[in-house]
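Okay, thanks everyone for squeezing me in. I'll put the model up and then we can walk through it together.

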Amino acid sequence: MAPNKAEADTISTNNDTLIVAKTRATPSPSPPPPPLPPRRNISGDWSPKISAGFQSKPTTALSSIDISTLSFPDGTRGTFTTDSAKRIGSPLASGYATPRRASVAGDHTDSMSIMSFTPTLRPHGDLASLVAGSLNKKSRAWKLLRSQSETVIQPFENIGLGISGELEGFEREFVEIPDDLTDDIRLALWHSKMKHFMILSSAGKPIYSRHGDLSLINSSMGVVQTIISFYEGQKDPLLGFTAGDARFVVLTEGPLYFVAISRLGESDSQLRSQLEALYMQILSTLTLPTLKNIFVHRPSTDLRKPLEGTESLLSSLADSFTKGSPSALLGALECLKLRKSQRHSINNVFLKNRADKLLYGLIVAGGKLVSVIRPRKHSLHPSDLQLIFNMLFESGGIKAGGGESWIPLCLPAFNNRGYLYMYVSFFDNKSDGDDNPPSTTHSRSKSQSYSTPPIPEEPLEGEEVSSEASHPPQPQPSPPPSPPSEEEEIAIILISADKESFFALKEMRDKLASSLQKQGYLSLIRSACQQGRPKISTIFTSPQQETQLTHFLYKSRANVQFVMSSLEPFFSGPEPEKQIAKRKLMSVYHQLHASIHAKHSHLKVLHSVGEDSASLAWITPVFELYCVAGPNVSRAAMTMGANRVVQWAKKEEERLFIIGGGVF
Amino acid sequence: MADSGNAPKPSSSVKLVLLGEAAVGKSSLVLRFVNNDFQENKEPTIGAAFLTQKCNLPTRTIKFEIWDTAGQERFASLAPMYYRNAQAALVVYDLTKPTSLIKAKHWVAELQRQASPGIVIALVGNKLDLTNDGAGSGGEGEGAGADGEGDARKVTTEEAKTYAEEEGLLFFETSAKTGYNVTEVFTAIANAIPETSLKTARGTGASHAAARSEEQRVNLNGARDPNAKEGCAC
């Protein structure tokens, strides 16, 4: 069975679209690769090769400009290059021309500047002027049409009118299937879910399913197992297939089969990485040697028993994928925006109080990283942090208990063979009194019993200090349980390899907490949390910078971190519209991500216009930028906006991202 | 009950561990005792949680340092770490689930074999609200959602009580949901701790010098600070 969907290697072309092929070399400054065999001289016959249907929307992809130079507002110019020695001019013309490879094609790297590729364009312009100037020639009819249209249409506006399109019923996605109905009705409900995750053993024992209890869907599991093992038997493992509007993706890890069934339009590789995250969660519970042992001795073992109690972790992970997690999509972390000097001081306070047994120390606020300290030799892998964040912020187990937790866990990317021990303590987010031991934080646990909005990524409304105090909980039909003030929850996480080090770490936490409190960093972190994510309006301050962008995701590749703009005010309507709008936004991002990362597309910039939104993806060795605007926003406006976001991210880099962290 | 700790009564800390099968309500009992709160469908504890709560007796104040352990089988190997040097243990079972009493008996046996000799053990049958007794004695009855009319009790009071008497355990039937008998359990434990095994809070580190090597080492590193603070915070 074909592993790739057809679209993975095909790209459609429009009249004004041209995909320029260019090897996507890794941006590393390592020695030049060995010379490639002589290439076929690609000429005008390029396009027929790449003309099959594209994901879903017509694209106006522009091409392989490798933007490496940017001008900053202060007049300086930043260059994102890795090895200038490798820059070799090439007579590649603008996006309209047929790409022609120089004979030294093999030496091209992503580090080449746009100028070297586009000598015919204005030599020193930055991207905005480039793209706007040359590629945005619109017909008069288009201009007229635009002038007719309303000035600002926000993306996904029709959700507000009750039209959710393919997301019809998404608001019921997370509602549990009730036990007290007949099996037929329960099965129908089960079928109506848009996304399923299943885990089963290769012997056919069901292990986990996101929806429906295992007895209800036992036969479905059996069918899945039969299909997978049939292909296993043929030595031609099944990777995925499509049935109706659902995509099935299979991941086989040793004795375990993972299956994702999605009608949300993710790509195979995105679904596969979601399945891998579930596998990591299982490893995190059991470690790899234990998992292997279990099945070596008894292949028919029911893994549910050893995994008992972690279903909620798997489910919260699965739900974060279903809701759409930028962190999982980008494989990156989100940090709390802080001044460089402040973060530095927090790191120092952290380092100063370090216990001998400490391996990693983290301060996390509202699911965003504030500070990390780590040994020089080790860094933390984002997939491990994803597991920790999921455990602490998405699933309620740790917070709900109150007090301090001592948790054995395996961080598979760090070492899948053994356990580490994690000390976790949440600060009371109501009072400033952190001199109280955390076990007496009454208010926190009380606030959890409200069932207020379910979206954890949702920043607080406006600049209000406390959403609970000033707003009554919003009326809504059936929210999944989740605490309201997650954005403000500050946790200290201390990880050690020594299982007896609880009291050493607890003492470290107490000292750290009182230093942070005394020096005012705690309230600093709190207020940074309350500000929420950067708002588009604060990035585009001056009138000439006014933008029509609605939302963006920016990933710093070197730091493996991302920043996204606030979901306010565009994605904060009443439920369930809010949840659907958010999912739509994330679907757009998933499609952009899939297209621009498609195996053979070699895209650098992708502009896509759909019925209810326009979007732009732009990838360089330094960053990945994805942005979304209303459907009638012009490409020029989007590229201007994108350019501005990139400048902003560059300028604020040390505030938005943790660079290195505290090292000991 | 933990409000007037400022009295000049002697104060001592007691290490208490909760053991028992998964989902019998260990964390809920602690949550009720510490925060006077209850959560439906609480998610399982992972690893263990450490909480503290004071308990005022007429003559002294007991500060419980509570280790609320996870009940899943895979955490069983970590249990010795938590009951080592514990002065009290709460072994919890679910009144509606006979196997949980069997598991509880295993824990009692393990504690008697391996824990400190003077350990005070209380056997606690939880989820009384699901039984007819619960509905009568203290339950609001509103949460009978699952099976409102029937008595879900599967373990008789006599059976558990007889066992507890044989083994010399304190015995209670509680409901973390309604709060029935919860503080009573902790108060009874506090009363049952022999005076001799108690030292004042400030001397904790030294008092168990022989046994508490880990903690002591920690305390030597400067535990004076947090301890002092705890003294004033109450």
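I'll start with the two chains overall, then go through some strands and helices.

First, the usual caveat: this is a predicted model. Chain A has 664 residues, and 48% of them count as buried. I get 20 helices and 19 strands there. Chain B has 234 residues, with 47% of them buried, and its tally is 9 helices and 6 strands.

What about contacts along the sequence? If you take pairs in chain A that are at least 6 apart, 72% of those contacts join residues at least 24 apart. For chain B, the figure is 73%.

Okay, on to a stretch of chain A that has a label. An unreviewed UniProt entry annotates residues 195-317 of chain A as "FUZ/MON1/HPS1 first Longin" domain. In our model, that stretch is 42% helix and 24% strand, and its end C-alpha atoms sit 13 Å apart.

Now look at the sheet here. In what order do the strands of this open sheet run? Reading across, you go E4-E3-E7-E6-E5 in chain A, so to speak, with antiparallel pairing. The edges are E4, residues 206-209, and E5, residues 240-243, and each of those pairs on one side only. On average, neighbouring strands are turned by 15 degrees against each other, if you ignore direction.

Zoom in on one edge. E5(A) runs antiparallel to E6(A), residues 246-253, and 4 bridges join them. If you want a pair to click on, A:Thr242 stands opposite A:Arg247 in E6(A).

Then there are the helices that go with these strands. H5 of chain A, residues 218-233, lies across E3, E4, E6 and E7, and runs at about 70 degrees to E3(A). H6 of chain A, residues 268-286, lies across E3, E5, E6 and E7, with an angle of about 45 degrees to E6(A).

Let's jump further along chain A, to strand E14, residues 549-556. How many of its residues are buried? It's 8 of 8. On one pairing, E14(A) is joined to E18(A), residues 623-629, by 7 bridges, running antiparallel. A:His551 has A:Val628 as its bridge partner there. E14(A) also pairs with E15(A), residues 561-564, again antiparallel, over 4 bridges, and in that pairing A:Tyr554 is matched with A:Val563. The hairpin of E14(A) and E15(A) has 4 residues between the strands, and A:Val560 takes a positive phi near 50 degrees.

That brings us to the core. The largest nonpolar core has 207 residues, and the members touching the most others are A:Leu625, A:Cys627, B:Ala89 and B:Val91. Take A:Leu625: beyond its neighbours within four places in sequence, its contacts include A:Phe552 and A:Tyr554, along with A:Ala617, A:Trp618, A:Ala642, A:Val645 and A:Val646.

Last stop, chain B. Which residues of helix H6, 182-192, are buried? They are B:Val182, B:Val185, B:Phe186, B:Ile189 and B:Ala190. These cover an arc of only 130 degrees around the axis, so they end up on the same side of H6(B). That's the familiar pattern: an α-helix has 3.6 residues a turn, so residues three or four places apart point the same way.

That's my tour, happy to spin the model around for anyone.

Note on methods
Residues are numbered from 1 along each chain as its sequence is written. Chains are lettered from A and ligands numbered from 1 in the order in which they are written. This is a predicted model: local features need pLDDT of at least 70, side-chain atom pairs count only at pLDDT 80 or more; totals for chains, interfaces and linings use all residues. A residue is buried if 20 or more other C-beta atoms lie within 10 Å of its own, exposed if 12 or fewer, and partly exposed in between; C-beta atoms are placed from the backbone. The arc is that of the directions from the helix axis to the C-beta atoms. Two residues are in contact if their C-beta atoms, placed from the backbone, lie within 7 Å. Two strands pair if DSSP finds at least two bridges between them. Axes are lines fitted to C-alpha atoms, for helices over the stretch in contact, and angles run from 0 to 180 degrees between N-to-C directions. A nonpolar core is a set of buried Ala, Val, Leu, Ile, Met, Phe, Trp, Tyr and Cys residues joined through C-beta atoms within 7 Å. UniProt positions are given in the numbering used here, feature names are shortened, and annotations may be inferred rather than shown by experiment.
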